[in-house]
Amino acid sequence: MAFTIEFQPLGLRLQFETAINALDAARQAGIHMMAVCGGEGTCGKCVIQIVESQSHYPPSPTEAEHLSPEQLQSGFRLACMTTIESDAKIYLPPASILEDQIMQTEGDGYQQDLRPAISQKMIALEKAHLDDLVSDFSRIKNAIGDPKLEVSLDVLREIPAILRQNGWKANLILRGNHLIHATGKFVSAPLGLAVDVGSTKIACYLIDLESGKTLTAKGTPNPQIAFGEDIMARLAFAMQSQENANTLHSLTMDAINQTAEEICRRANRSVEDIADFCLVGNTAMHHFFLNLPIASLAVSPFVPAVTEPLYPAARELHLSAMPGAGVYAPPVKAGFIGSDHLAFLYAADFGKDQRTRLGIDIGTNTEIALQAKGKIVSVSTASGPAFEGAHIAFGMRAAPGAIEHVRIGDDGKTEIDVIGGQQAVGICGSGILDAVAQLRARGLLNQRGRLVRDRECVYQDAHGKPIFTLSGGTAPVTLSQQDIDQVLLAKGAIRAGIDILMDYLRITPDAIDEVVIAGAFGSYMLPQHAIGIGMIPNIPMDNIKVVGNAAGVGARMMIVSTQARREAEMLSEAIEYLELTVYPEFSIFYANGIRA
Ligand code: FES
C-alpha cells in the first residue's frame, strides 16, 4: 500500500509504493544528504530523526555504535540503515544535509587575456531568386568570406527559416570557422560558462565573452556526494553498472544546468545565450562529466582514459546552451592530477618565472606542485576528508552552526567563532586545524600527538578516553584522541608530499620563495596553524599567499582566451608527474609527516 514520507525542515513529501531505504528516499526527493561512506553504515553522517511513524524502527548494532542511547531513544537513526515502510515524518538535522554549505566561488584578482573562441557577425544577404540559385549556406559563406566555414546539421536546419523570416538578415555566432548558431536578432553578447567541478562543490561563473567580465557566479553542492564523499567510493559505485555511471554523469550535468539557469536569470539572460563552456575538475570528475569509462581510474595503476584536451559539443553532454555551443575540457595529467590542478597552476602563474614556488590545493586528495630549478613537479596525496569534517566525531562542513575558529588560552579555556553566530553543533576544517595547532602550542598535545591526560581541561569520556571540550552547554562539541589522529594522518600525507618533492628536486625549505595555497579550506584556515602542526614547512608568513578558488580563476581565464588555452596546454606538457607511492622511503616520509 502506498505511503508518504515527509522530510522536515524542508517540507518535502514523497509517496512510495514499496518499503524504501531512507537514504534512497531522500535521494529520490532531491535532498543531498551527507553520506561519506556511500551508505555502508561506517561514517555515521547520514543521521535522521524519525519524529512520527506508525512503524517501529529498532536500532541496529551499527546505529548503536554511532548514536548515543539518548539519541536512539529520541528516534535518531542512520538513514542508510533504516527501511521505511509506512507513513513517516523524518527530520533532517542541519549537519546531515549539504544545502547550506558555504560555497566559495571567488578567486584572487587576476589578469586576463581577451581572445575568446566565440565571435558574432551580423550579415545581410541578397534574396534568392530565379537568377541567383545559390544555396542558403553558400550565401552565408560568401557573405563572411570564409569558404571553409563549417556547420552542424542541427544548426543548418534552423538557417532557411531564420533567413526568410528576417528579410535575409541574420546574426551569426561563430567558433573559429564553425557556425554554431544563427538568429534573427543581435545577441547582446555571447556568454561563456566556466565551471570548476569539485568533488564537494560545483562552482559556475557566467562570463560576458565580449568584455571578459564575470556577470555572476554561484556554487552548488556536487550531488554526487550522496554516493560517497570519497572519490574512490563514487568510482566503486560507478563501476557496479553503466546505469550507475550514467547517474553520476547526469547528476553533475543537471546541477550545472540548474545553476546556469539561475545565474542567467540573475543576469537577465538566457541559457540559450551560452555559446561556450570551460569545464575543469579532478580526473575522476573530468571522466564523470564527460561520461568516460572510469574503470581504469579505480584500480592501480590508475590510468586515465584520455589526458589530451577535448572539445565535445555541449549537446553531447546534455548541457543547456545555444544549439551549436561547444565545451573545452583542458588536459588532465594523471589519474589523480586533473585539469583543476592545471587551472590552479596556470592562474597562479606557475612556469612564468624562475622562483622556487610551492602550490598546494588542499582537499580529500591534495595536489601539490613544486616549481624549482627550471622544473615543475606535481604529486597527489590521499589526505582524506578530515579537513572537510568527515571522520571527525563532531565534524561538519562549513555551514551554520560550525565552529570555524578556535582560540585556546594557556589555562585551556576556549573561545570559539561559530558560522551564523548560533549555538555550535559541530566543527569545520578551519576550526579543526585551529584546535589541533593550539592544543599543541599550549602543551595539551605531546610530540606523539597524544592528548596530555594530566591537564585539568582534558576530560575523560564514558570509556575513559581523553577528550577536549570546545564548546560547553547541554550539547557540547568535543575533540577526541581519535579525531586528532585523523587530523595528524591528513597533515602527515600533505607534509610527506611536500617533503618528497623537496627531496626529489634537492631543495630545502629556506629555498622556497613562495607558498601558494588554493581551495576553500585553504582560504579559511590560518596559515600559521598549518605551520604550527607541521603541515607546511616553516617559512615567513609574508611568503604565503592564499588565492581562493584558483581553479575557477584558471577556468575563467581559459574561457575568454584561446591563447590562455594554448599556454595552459603547454604548461600541462611541462609538468612532470611524480607517483608518491613508489618513491623510495615513502613510508618514512609519511611517518615523519604525521608527527605532531
Ligand atoms: S553511515 Fe550512512 S552513509 Fe555513512
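## Helix 12 and the three-stranded sheet

In this predicted model, helix 12 (residues 481-504) lies across strand 24 and strand 25, and its direction is about 65° to that of strand 25. Strand 24 and strand 25 belong to an open sheet of 3 strands, ordered 23-24-25 and paired antiparallel. Strand 23 (458-460) and strand 25 (477-480) are the edge strands; each has a single partner strand, so one side of each lacks a neighbour in the sheet. On average, neighbouring strands of this sheet are turned by 45° against each other, direction ignored.

The antiparallel pairing of strand 23 with strand 24 (residues 466-471) runs over 3 bridges. In one of these strands, strand 24, P466 is the bridge partner of Q460.

## Helix 7

Helix 7 covers residues 242-266, which makes 25 residues. From its first C-alpha to its last, helix 7 reaches 36 Å, close to the 36 Å expected at 1.5 Å a residue. N268 follows helix 7 and has a positive phi, near 55°.

## Cavities

There are 3 cavities of 30 Å³ or more in the structure. The volume of the largest cavity is about 770 Å³.

The lining of the largest cavity consists of 44 residues, and T200, K201, I362, E388 and A520 lie nearest its centre. Strand 12 (191-197), helix 8 (283-289), helix 11 (429-441), helix 13 (520-524) and helix 15 (550-559) are the elements that each give two or more residues to this lining. Helix 13 gives the most, with 3 residues. By type, the lining residues of the largest cavity divide into 18 nonpolar, 18 polar and 8 charged.

Note on methods
Residues are numbered from 1 along each chain as its sequence is written. This is a predicted model: local features need pLDDT of at least 70, side-chain atom pairs count only at pLDDT 80 or more; totals for chains, interfaces and linings use all residues. Side-chain values use heavy atoms; hydrogens and water are left out. Helices (H or I, at least four residues) and strands (E, at least two) are DSSP runs, numbered from the N terminus. The expected span of a helix is 1.5 Å times one less than its number of residues. Two strands pair if DSSP finds at least two bridges between them. Axes are lines fitted to C-alpha atoms, for helices over the stretch in contact, and angles run from 0 to 180 degrees between N-to-C directions. Contact means heavy atoms within 4.5 Å. On a 1 Å grid over the protein atoms alone, a cavity is a set of points where a 1.4 Å probe fits but cannot get out, and a pocket is an open set with protein on both sides within 12 Å along at least five of seven lines; lining residues have an atom within 4 Å of a point. Grid points are joined across faces, edges and corners, and a volume is the space filled by probe spheres set on the points. Ala, Val, Leu, Ile, Met, Phe, Trp, Tyr, Cys and Pro count as nonpolar, Asp, Glu, Lys and Arg as charged, and the others, Gly among them, as polar.
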